[in-house]
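Thank you all for making time this morning. I would like to walk you through one structure, taking the parts in turn and going slowly enough that anyone who has not seen it before can follow on the screen.

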Protein chains: 2
Amino acid sequence: MFKELDPLLHSQLRLAVMSILISVESAEFTVLKEKTNSTAGNLSVQLDKLSEAGYITIDKSFKGKKPLTTCKVTNKGINAFEEYVNTLKEYIKK
Amino acid sequence: MFKELDPLLHSQLRLAVMSILISVESAEFTVLKEKTNSTAGNLSVQLDKLSEAGYITIDKSFKGKKPLTTCKVTNKGINAFEEYVNTLKEYIKK
DNA sequence: TAAATTAGTTTATATTATAAACTATTTTAC
DNA sequence: GTAAAATAGTTTATAATATAAACTAATTTA
């Protein structure tokens with residue numbers, strides 16, 4: 001009756017990150033931090049998890065001499081998000 | 001931008017339980033256990049949490065001499081569920 | 001040039017979800 | 001009639017998770 005909710009997406013911060021990345025070409029660490037209102041530490045950890053799952057790619061470069069971390073959602077990430085949403089709808093429909 | 005997701009509802013099992021209770025008059029422990037495909041221990045703990053939050057009521061009686069645990073959602077529970085769903089929609093809309 | 005700010009990472013902690021182990025009856029099988 | 005299995009749960013231990021605190025390293029500001 002109730003299918004498993006992908007535990008990687010069933011997390012407030014990771015879901016918010018994916019939600020943002022789904023609708024933009026790419027987003028910088030600092031932007032994600034601001035939009036999700038998260039601490040840098042928490043965000044860093046959750047981005048790594050999404051990256052390890054192959055749901056996003058993380059590019060680390062430099063803007064001048066400051067580190068610049070840029071994230072993009074992958075096709076796998078988009079598919080996982082879509083499926084998460086579909087599964088979730090079974091839980092929240094009345 | 002992203003509002004807090006009620007942590008009491010942002011749990012697979014508790015959300016499934018609430019989802020069921022929202023659409024029925026009441027449900028027995030054994031029925032919830034079967035429909036959510038959970039272990040009795042896990043279900044017992046999660047029902048207690050929902051009850052302590054005032055989202056459901058738990059009535060313990062006997063069917064003959066066997067224990068019979070019956071759950072109902074409260075108005076508070078219905079409202080919390082509605083708000084959770086509304087908040088969640090901000091995360092999953094594209 | 002000392003203090004604060006930026007952009008993160010690593011690590012420790014607190015919370016949570018979950019199942020294993022347990023209790024207490026009741027039914028079934030021999 | 002009694003030993004073994006099943007029912008209906010609860011309590012407790014453990015594993016996983018989310019989160020923030022503490023840290024690094026460079027940069028800007030005063």
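In this model, which is a predicted one, a polar side-chain atom of Lys49(B) lies 3.2 Å from a phosphate oxygen of DNA strand C, and I would ask you to find that pair before we look at what else surrounds the strand. From the other protein chain, Ser44(A) brings a polar side-chain atom to 2.6 Å from a phosphate oxygen of DNA strand C, while Lys66(A) places a polar side-chain atom 3.4 Å from a sugar or linking oxygen of DNA strand C.

Which residues come nearest to DNA strand C? Among the 20 residues around DNA strand C, they are Ser44(A), Lys60(A), Thr69(A), Arg14(B) and Lys65(B). If we look at the DNA side of this contact, 66% of the atoms of DNA strand C within 4 Å of the protein belong to sugar or phosphate, and the rest belong to bases.

In terms of secondary structure, helix 2 (29-36), helix 3 and strand 3 of chain A, together with helix 3 of chain B, each supply at least two residues of the surface near DNA strand C. The largest share, five residues, comes from helix 3 of chain B. By residue type, the surface near DNA strand C divides into six nonpolar, nine polar and five charged residues.

Let me now turn to the other DNA strand. Around DNA strand D there are 20 residues, of which Arg14(A), Lys65(A), Ser44(B), Lys60(B) and Thr69(B) come nearest, and sugar and phosphate account for 65% of the atoms of DNA strand D that come within 4 Å of the protein.

Taking the individual contacts, an N or O atom in the side chain of Arg14(A) is 2.5 Å from a phosphate oxygen of DNA strand D, and Ser44(B) has a polar side-chain atom 2.5 Å from a phosphate oxygen of DNA strand D. For Lys49(A), the distance from a polar side-chain atom to a phosphate oxygen of DNA strand D is 3.3 Å.

Which element gives the most to the surface near DNA strand D? That is helix 3 of chain A, with five residues. Helix 3 (40-52) of chain A, along with helix 2 (29-36), helix 3 (40-52) and strand 3 (66-73) of chain B, each supply at least two residues there. The residues of this surface near DNA strand D divide into six nonpolar, nine polar and five charged.

Next, the protein chains themselves, beginning with chain A. Chain A has four helices and three strands, and read along the sequence these follow the pattern α-β-α-α-β-β-α. The C-alpha atoms of chain A fill a box of roughly 55 × 25 × 20 Å along the principal axes.

Within chain A, strand 2 (residues 56-63) and strand 3 (residues 66-73) run antiparallel and are joined by eight bridges, with Phe62(A) standing opposite Pro67(A) in strand 3. These two strands form a hairpin with two residues between them, and in the turn Gly64(A) has a positive phi of about 70°.

For chain B, I will describe the sheet as a whole: an open sheet of three strands, in the order 1-3-2, with antiparallel pairing. Strand 1 (27-28) and strand 2 (56-63) of chain B stand at the edges, each with a single partner strand, so one side of each has no neighbour in the sheet. Two bridges join strand 1 of chain B to strand 3 of chain B, and in one pairing the bridge partner of Ala27(B) is Cys71(B) in strand 3.

Finally, how do the two protein chains relate to each other? Chain B is superposed on chain A by a rotation of 180° with 0.0 Å of shift along its axis, at an RMSD of 0.0 Å, and that is the relation of a two-fold axis. In chain B, the C-alpha nearest the axis belongs to His10(B), at 3.9 Å from it.

The contact between the chains takes 24 residues from chain B and 23 residues from chain A. Since 96% of the interface residues of chain B are also interface residues in chain A, the copies meet through the same surface. The area buried between chain B and chain A is about 2100 Å², with carbon and sulfur atoms giving 65% of that area. Of the area that chain B buries against chain A, Gln12(B), Tyr91(B) and Ile92(B) supply 29%, more than any other three residues.

Note on methods: Residues numbered from 1 in each chain as written. Chains lettered and ligands numbered in written order. Predicted model: local features only at pLDDT ≥ 70, side-chain atom pairs only at ≥ 80, totals over all residues. Heavy atoms only, no water. Near = heavy atom within 4 Å. Polar contact = N/O pair within 3.5 Å; in protein donor to acceptor, adjacent residues only side chain to side chain. Nonpolar A, V, L, I, M, F, W, Y, C, P; charged D, E, K, R; others polar. Pairing = 2+ DSSP bridges. Least-squares fit on C-alpha atoms with pLDDT ≥ 70 in both. Contact = heavy atoms within 4.5 Å. Buried area = accessible area lost by both parts, 1.4 Å probe.
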